[in-house]
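Got your viewer open? Let's take a walk through this protein, one selection after another.

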Amino acid sequence: MSALHVWRSVAFRQFSTNFAMCGDNEYIVGTTNAGVTWSYVIPPNLPTVLNNQLNRIVFSTTNDKFGIAVGESSSLFVTADGGSLNSWIPVPNASKPTGAATSASFRGVCVPTQVSSQDFYVAGTMNNAGVIWHSTDNGSNWVALTNGPSNQYTYVEIAPMSTKSLLLTTTDGTLVKSTDGGLSFTTVNNFPTVTTSLAAVALPSANTECVISNSGRIFTAVSPAYTWIERSSGSINNLHDIWFTDAKHGASCGDGSAYTLTTNGGQVWTDANLPGAGNLYGVCFSDPTHGYMCDHLGQIFHTQDGGA
């Protein structure tokens, strides 16, 4: 891959060996052979180089032909063909909520596992406040949901086996939750005091929540009490992304080529360093042993032993 691009997110198709990455200049690349080779997937009818950065990319877990990439200036790209060449289509401004066609910065996207494969939530910031949109038709049309607390969202995740329970991280260290599919939001008051940005959240199981932040901090909570406990990550670097393959195996990555691994649902994390890597922005595993990370130097790294 070219070192000219900053890669910010990597995702895999659940029912194939296909992966995709997105990054600056609205570039999307894909692989159909588990990362042996990668090809640029330039959206049709667009210039070769654009200015907006794409921050997150995901595929549906019920039908992995459907995928979405989100980014700055309300950039949204969708595919209904698994991300093959020329299948990523920019969502037209007319399909976006009124007054928000170009003004939102999207940093998070999630896919409910128990509803239509074309169902997506995206979250971010607009006019210095949080914004969340919902689509039920693979991005053809979007509805702006109640913004709730005036926090700027950095990530959104939906609980496994749920269509309504959303958890959102923010730039001011606040954790925000919705139990009605984004119609209303409340602040999670028992979350520890954090003065830096919360980067991402993962829900490895129906009763476990895990949040990462700047300065290498990791927090977990388990039902029914949902008492938040800070876990040692072994790093003081900013963390950017987190991924759980199942209820036990997870990974997070961040600045300074640092990454951390867990095999017990986030209770204990083992830190490591990836030689030659820059700031690691995205991580994704297809199973507990096979995974990818991408960095700001245009590099992608592959492991076949769980990152050990």
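**Stop 1: a pocket.** Begin with the second largest pocket, which holds about 350 Å³ of space. Its lining is made of 13 residues, and the ones closest to its centre are Arg-8, Arg-56, Arg-107, Ala-199 and His-240, so select those five as your landmark. Next, colour strand E5 (54-59) and strand E17 (198-205): each of them supplies at least two residues of the lining. What mix of nonpolar, polar and charged residues do you get around this pocket? The lining divides into three nonpolar, six polar and four charged. Keep in mind, as you click around, that this is a predicted model.

**Stop 2: the whole view.** Zoom out and show the cartoon. How many helices and how many strands are there? The protein has zero helices and 27 strands. There are 308 residues, and 56% of them count as buried. Now think about contacts between residues at least 6 apart in sequence: 45% of these join residues at least 24 apart.

**Stop 3: the cores.** Here's a bit of background: in soluble globular proteins, nonpolar side chains tend to be buried together. To see a case here, select Leu-175, Phe-191, Val-211, Ile-212, Trp-228 and Ile-242. These belong to the largest nonpolar core, which has 24 residues, and they touch the most other members. Two or more residues of this core come from each of E17, strand E18 (208-213), strand E19 (218-222) and E21. The top contributor is E17, with six residues. You met E17 at the pocket too, where it supplies at least two residues of the lining.

Stay here and click on Val-211. Leaving out residues up to four places away in sequence, its contacts include Leu-175, Phe-191 and Trp-228. Val-211 also touches Thr-169, Leu-198, Ala-200, Val-201, Arg-217, Ile-218 and Phe-219. Apart from this core lies another one, of 18 residues; Ile-68, Leu-76, Val-91 and Phe-106 are among them.

**Stop 4: one residue inside, one outside.** Select Ala-69, in strand E6 (residues 67-71). Is Ala-69 buried or exposed? It is buried, because its relative accessible area is 0%, and the cut-off for buried is under 20%. Show what it touches, again skipping residues up to four places away: Ile-28, Leu-54, Arg-56, Ile-57, Ser-75, Leu-76, Phe-77 and Trp-88. Two of these names should ring a bell: Arg-56 is one of the residues closest to the centre of the second largest pocket, and Leu-76 is in the core of 18 residues. Try a distance as well: Ala-69 and Glu-26 are 43 residues apart in sequence, yet their C-alpha atoms are 9.2 Å apart in space.

Now jump to Lys-248, in the loop between strand E21 (239-244) and strand E22 (250-254). Lys-248 is exposed because its relative accessible area is 52%, and exposed means over 50%. Beyond its neighbours within four places in sequence, Lys-248 is in contact with Thr-262, Thr-263, Asn-264 and Gly-265. From C-alpha to C-alpha, Lys-248 and Gly-266 are 7.2 Å apart, with their positions 18 residues apart in the numbering.

**Stop 5: two open sheets.** Colour E1, E2, E3 and E4: they make an open sheet of four strands in the order E1-E2-E3-E4, with antiparallel pairing. Strand E1 (7-12) and strand E4 (39-40) stand at the edges with a single partner strand each, so one side of each has no neighbour in the sheet. Two bridges join strand E3 (residues 28-31) to E4, and Val-29 stands opposite Tyr-40 in E4.

Then colour E9, E10, E11 and E12, an open sheet of four strands in the order E9-E10-E11-E12, with antiparallel pairing. Which strands stand at its edges? They are strand E9 (105-110) and strand E12 (143-144). Inside this sheet, strand E10 (residues 120-126) and strand E11 (residues 129-135) pair over seven bridges; find Ala-123 and its bridge partner Ile-132 in E11.

**Stop 6: a hairpin to finish.** Select strand E26 (residues 291-295) and E27, which run antiparallel and are joined by four bridges. They form a hairpin with four residues between them, and Gly-298 in the turn has a positive phi of about 85°. Cys-294 has Ile-300 in E27 as its bridge partner. In a regular strand the side chains alternate between the two faces of the sheet. Check strand E27 (residues 300-303): Phe-301 and Thr-303 are on the covered face, while Ile-300 and His-302 are on the uncovered one.

Methods
Residues are numbered from 1 along each chain as its sequence is written. This is a predicted model: local features need pLDDT of at least 70, side-chain atom pairs count only at pLDDT 80 or more; totals for chains, interfaces and linings use all residues. Side-chain values use heavy atoms; hydrogens and water are left out. Buried means under 20% relative accessible area, exposed over 50%, partly exposed in between (1.4 Å probe, protein chains only). Contact means heavy atoms within 4.5 Å. On a 1 Å grid over the protein atoms alone, a cavity is a set of points where a 1.4 Å probe fits but cannot get out, and a pocket is an open set with protein on both sides within 12 Å along at least five of seven lines; lining residues have an atom within 4 Å of a point. Grid points are joined across faces, edges and corners, and a volume is the space filled by probe spheres set on the points. Ala, Val, Leu, Ile, Met, Phe, Trp, Tyr, Cys and Pro count as nonpolar, Asp, Glu, Lys and Arg as charged, and the others, Gly among them, as polar. A nonpolar core is a set of buried Ala, Val, Leu, Ile, Met, Phe, Trp, Tyr and Cys residues joined through side-chain atoms within 4.5 Å. Two strands pair if DSSP finds at least two bridges between them.
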